[in-house]
Amino acid sequence: MSEIPFQDELRRKLVHLSSFWMPVAMIFFRAYRWQLAIFFGILAVGSVLVEHAYARGNKKVQKLYDFFFHNMLRQPPKPTDWVISGGPPVLAASCAVLILFPAPLAASCIALMLGGDTAAALIGRRFGRIRFANGKSLEGVIAFILIGATAFGIFFSFSEVALPRLGAASLIAAVIGALAEFFEKVIHIDDNFGIPIFSGLAVMLFLMF
């Protein structure tokens with residue numbers, strides 16, 4: 001897999017961060033949790049169909065898709081390839097966490113993924129010195145945990161969990177999320193989907209005790 005220039009990686013992650021509207025919607029429209037889950041599920045299916053149309057050679061879709069995303073893809077697809085980008089897993093994860101978890105926890109898990117993954121990629125690319133065999137860096141992992149825990153804690157503060165447990169839950173979620181991101185290729189689960197699911201399950205188990 002080729003490594004895109006840092007400027008394009010920055011643009012790519014800015015698009016990633018623009019998805020923060022999703023956890024915000026989960027908080028402010030928490031009374032419509034199931035409707036939001038259906039909405040995100042429909043968007044996930046729609047985005048997969050668009051990418052399939054790209055692979056099948058739809059000229060209008062190819063032109064529009066290339067205009068917005070071509071330089072931000074680590075491995076640009078050939079016109080006949082069906083390569084699923086990071087968008088559908090983010091939308092699918094948003095649907096899944098709303099089904100599995102209460103709305104504040106669901107929003108927190110998505111915010112953790114968006115903030116932590118962005119921090120890991122940018123800090124790791126620019127400042128990473130201690131590299132692991134999979135190409136990730138210790139600096140990137142630390143950035144994921146710090147920024148991810150902060151993002152999780154901000155959104156989880158809308159729950160009724162007391163402050164000490166909120167802090168512990170944020171750290172647990174960030175560590176589990178960092179592990180899901182680090183071992184993405186080992187477990188064969190896209191990190192955009194795996195991070196929210198695994199971190200949410202870990203926090204649910206923690207809150208049971």
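**Why the terms apply: a helical protein**

Me: With which residues is Met22 in contact, leaving aside its neighbours within four places in sequence?

Reply: Met22 is in contact with Phe40, Val90, Leu91 and Ser94. The word contact is used here for heavy atoms within 4.5 Å. This is a predicted model, in which local features need pLDDT of at least 70 and side-chain atom pairs count only at pLDDT 80 or more, while totals for chains, interfaces and linings use all residues. Residues are numbered from 1 along each chain as its sequence is written, and side-chain values use heavy atoms, with hydrogens and water left out.

Me: What makes Met22 count as buried?

Reply: A residue is buried under 20% relative accessible area, exposed over 50%, and partly exposed in between (1.4 Å probe, protein chains only). Met22 has a relative accessible area of 2%, and is therefore buried. Met22 lies in helix α2. The C-alpha atom of Met22 is separated by 7.5 Å from that of Ala107, although the two residues are 85 apart along the chain.

Me: How many helices and strands does the protein have, and how are they defined?

Reply: The protein has 10 helices and 0 strands. Both are DSSP runs numbered from the N terminus: helices are H or I with at least four residues, and strands are E with at least two. From the N terminus on, every element in the order is therefore written as α.

Me: Why are α2 and α6 called roughly antiparallel?

Reply: Helix α2 (residues 21-28) and helix α6 (residues 103-127) pack at an angle of about 165 degrees, with their axes 8 Å apart. That angle makes α2 roughly antiparallel to α6. Angles under 35 degrees count as roughly parallel, over 145 as roughly antiparallel, 65 to 115 as roughly perpendicular, and the rest as oblique. The axes are lines fitted to C-alpha atoms, for helices over the stretch in contact, and the angles run from 0 to 180 degrees between N-to-C directions.

Me: How do you know which class of residue makes up the contact of α2 with α6?

Reply: Pro23, Met26 and Ile27 in α2 meet Ala103, Pro104, Ala106, Ala107, Ile110, Ala111 and Leu114 in α6. By class, this contact has 10 nonpolar, no polar and no charged residues. Ala, Val, Leu, Ile, Met, Phe, Trp, Tyr, Cys and Pro count as nonpolar, Asp, Glu, Lys and Arg as charged, and the others, Gly among them, as polar.

Me: What is the relation of α2 to α3?

Reply: The axes of α2 and helix α3 (residues 33-55) come within 11 Å and cross at roughly 160 degrees. The two helices are therefore roughly antiparallel to each other. On the α2 side, Trp21, Met22, Ala25 and Met26 make the contact; on the α3 side, Leu36, Phe39, Phe40 and Leu43 do so. This contact has 8 nonpolar, no polar and no charged residues.

Me: Why are α7 and α8 called oblique?

Reply: Helix α7 (residues 138-156) and helix α8 (residues 163-182) pack at an angle of about 135 degrees, their axes being 8 Å apart. This value falls in none of the three named ranges, and α7 and α8 are therefore oblique to each other. The contact includes Gly148 and Gly153 of α7 and Ser170, Gly177 and Glu181 of α8. By class, it has 14 nonpolar, 4 polar and 1 charged residues.

Me: Is Ile195 buried or exposed?

Reply: Ile195 has 0% relative accessibility and therefore counts as buried. Ile195 lies in helix α10 (residues 191-207). Not counting residues up to four places away in sequence, Ile195 touches Leu112, Met113, Phe144, Gly177, Ala180 and Glu181. The C-alpha atoms of Ile195 and Met113, 82 residues apart along the chain, are separated by 5.9 Å.

Me: What makes Asn192 count as buried?

Reply: The relative accessible area of Asn192 is 7%, so Asn192 is buried. Asn192 is found in helix α10. Beyond its neighbours within four places in sequence, Asn192 is in contact with His16, Gly86, Pro89, Val90, Ala93, Met113 and Asp117.

Me: Is His188 buried or exposed?

Reply: His188 has a relative accessible area of 71% and is therefore exposed. His188 is found in the loop between α9 (184-187) and α10. Phi of His188 is near 60 degrees, a positive value in a residue other than glycine.
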